[in-house]
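Work through the exercises below with the sequence and the 3D structure open beside you. Try each task before reading its solution.

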Amino acid sequence: LAGSVHHRSSTFQVEQVLRRMQKLHSEGLEEVKPDHLSYTKVIQAWTNASRENSGTRALFWLRKLWEEYEMDKDDRLRPHVLTYNTVIKASAAAGDPVQAEKLLEELMYADEGNELRPNTESFSHVIHAWLKSEQR
């Protein structure tokens, strides 16, 4: 139980670090500008937490990343297949195969100059999500 309390708070701590980076960057510190990997690490924290709301929080951060990219058009903020795979995995872990499949569809039809496309891992996470839903 003590480990789960620590794990639970660590996800929020990871979010706070990203928010601190965002604040410092907005104050002019260019060296700490978050990129897609920064967001992916936050999403990984939620995925690893395996909490009931992990999929929802992971999706929230994917949407925030898209917002930042759309505002800034900085390629360092462009979501990557790794980011999507991590959110799909979080949805699978949360027992939400419908959301996992929606994210796969989004990834399949994203028009980012053919740079954002699903891979084998994307499909494997969706398969896992459906298998896990059968076990419930």
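**Exercise 1: The chain as a whole**

Among contacts in the chain between residues at least 6 apart in sequence, 63% join residues at least 24 apart. The model is predicted.

Task: State which elements the chain has, and decide how its radius of gyration compares with the globule rule.

Solution.
Step 1. Count the elements: there are 6 helices and 0 strands. Read from the N terminus, the order is α-α-α-α-α-α.
Step 2. Compare the radii. The chain has a radius of gyration of 15 Å, and the globule rule gives 14 Å for 136 residues. The two values are close, so the chain is as compact as a globular protein of that length.
Step 3. Add the extent along the principal axes: the C-alpha trace spans about 50 × 45 × 15 Å.
Step 4. Add the burial: 40% of the 136 residues are buried.

**Exercise 2: Confidence**

Task: Find which helix has the lowest confidence and which has the highest.

Solution.
Step 1. Begin with the whole chain. Its mean pLDDT is 89, and 90% of its residues reach 70 or more.
Step 2. Go to the helices. Confidence is lowest in helix α1 (residues 2-26), with a mean of 81, and highest in helix α5 (residues 97-108), with 95.
Step 3. Look at the start of the chain. The pLDDT is below 50 over residues 1-7, and this stretch has 2 contacts in the model beyond near neighbours in sequence.

**Exercise 3: Two helices in contact**

Task: Decide whether α2 is roughly parallel or roughly antiparallel to α3.

Solution.
Step 1. Take the geometry. The axes of helix α2 (residues 36-49) and helix α3 (residues 54-72) come within 8 Å and cross at roughly 170°.
Step 2. Apply the cut-off: an angle over 145 degrees counts as roughly antiparallel. Helix α2 is therefore roughly antiparallel to α3.
Step 3. List the residues that make the contact. From α2 they are His-36, Tyr-39, Val-42, Ile-43, Trp-46 and Ala-49; from α3 they are Ser-54, Arg-57, Ala-58, Trp-61, Leu-62, Lys-64, Leu-65 and Glu-68.
Step 4. Sort the residues of this contact: 9 are nonpolar, 2 are polar and 3 are charged.

**Exercise 4: Buried or partly exposed**

Task: Classify Gln-99, Ile-88, Leu-37 and Arg-19 as buried or partly exposed.

Solution.
Step 1. Recall the cut-offs: buried means under 20% relative accessible area, exposed means over 50%, and partly exposed lies in between.
Step 2. Gln-99 lies in helix α5. Its relative accessible area is 17%, so Gln-99 is buried. Apart from neighbours within four places in sequence, Gln-99 is in contact with Leu-59 and Ser-91.
Step 3. Ile-88 belongs to helix α4. With a relative accessible area of 0%, Ile-88 is buried too. Not counting residues up to four places away in sequence, Ile-88 touches Ala-100, Leu-103, Leu-104, Ser-122, His-125 and Val-126. The C-alpha atoms of Ile-88 and Asp-35 are 53 residues apart along the chain and are separated by 19 Å.
Step 4. Leu-37 is in helix α2. At 42% relative accessibility, Leu-37 counts as partly exposed. Between the C-alpha atoms of Leu-37 and Leu-131, 94 residues apart along the chain, the separation is 29 Å.
Step 5. Arg-19 is part of helix α1. Its relative accessibility is 33%, so Arg-19 counts as partly exposed. Leaving out residues up to four places away in sequence, Arg-19 touches Arg-57, Phe-60 and Trp-61. Arg-57 and Trp-61 are also among the α3 residues in the contact with α2. The C-alpha atoms of Arg-19 and Pro-34, 15 residues apart along the chain, are separated by 9.1 Å.

**Exercise 5: The sign of phi**

Task: Say where Ser-50 is placed and where Lys-73 lies, and give phi for Ser-50 and for Lys-73.

Solution.
Step 1. Start from the general rule: most residues other than glycine have a negative phi.
Step 2. Ser-50 sits in the loop between α2 and α3. Its phi is near 50°, a positive value in a residue other than glycine.
Step 3. Lys-73 is found in the loop between α3 and α4 (81-93). Its phi is near 55°, again positive in a residue other than glycine.

Notes:
Residues numbered from 1 in each chain as written. Predicted model: local features only at pLDDT ≥ 70, side-chain atom pairs only at ≥ 80, totals over all residues. Heavy atoms only, no water. Axes fitted to C-alpha atoms, helices over the stretch in contact; angles between N-to-C directions. Helix = DSSP H or I, 4+ residues; strand = E, 2+ residues; numbered from the N terminus. Parallel < 35°, antiparallel > 145°, perpendicular 65-115°, else oblique. Contact = heavy atoms within 4.5 Å. Nonpolar A, V, L, I, M, F, W, Y, C, P; charged D, E, K, R; others polar. pLDDT = per-residue confidence, 0-100. Rg over C-alpha atoms; globule rule 2.2 N^0.38 Å. Buried < 20%, exposed > 50% of the residue type's maximum accessible area, 1.4 Å probe, protein only.
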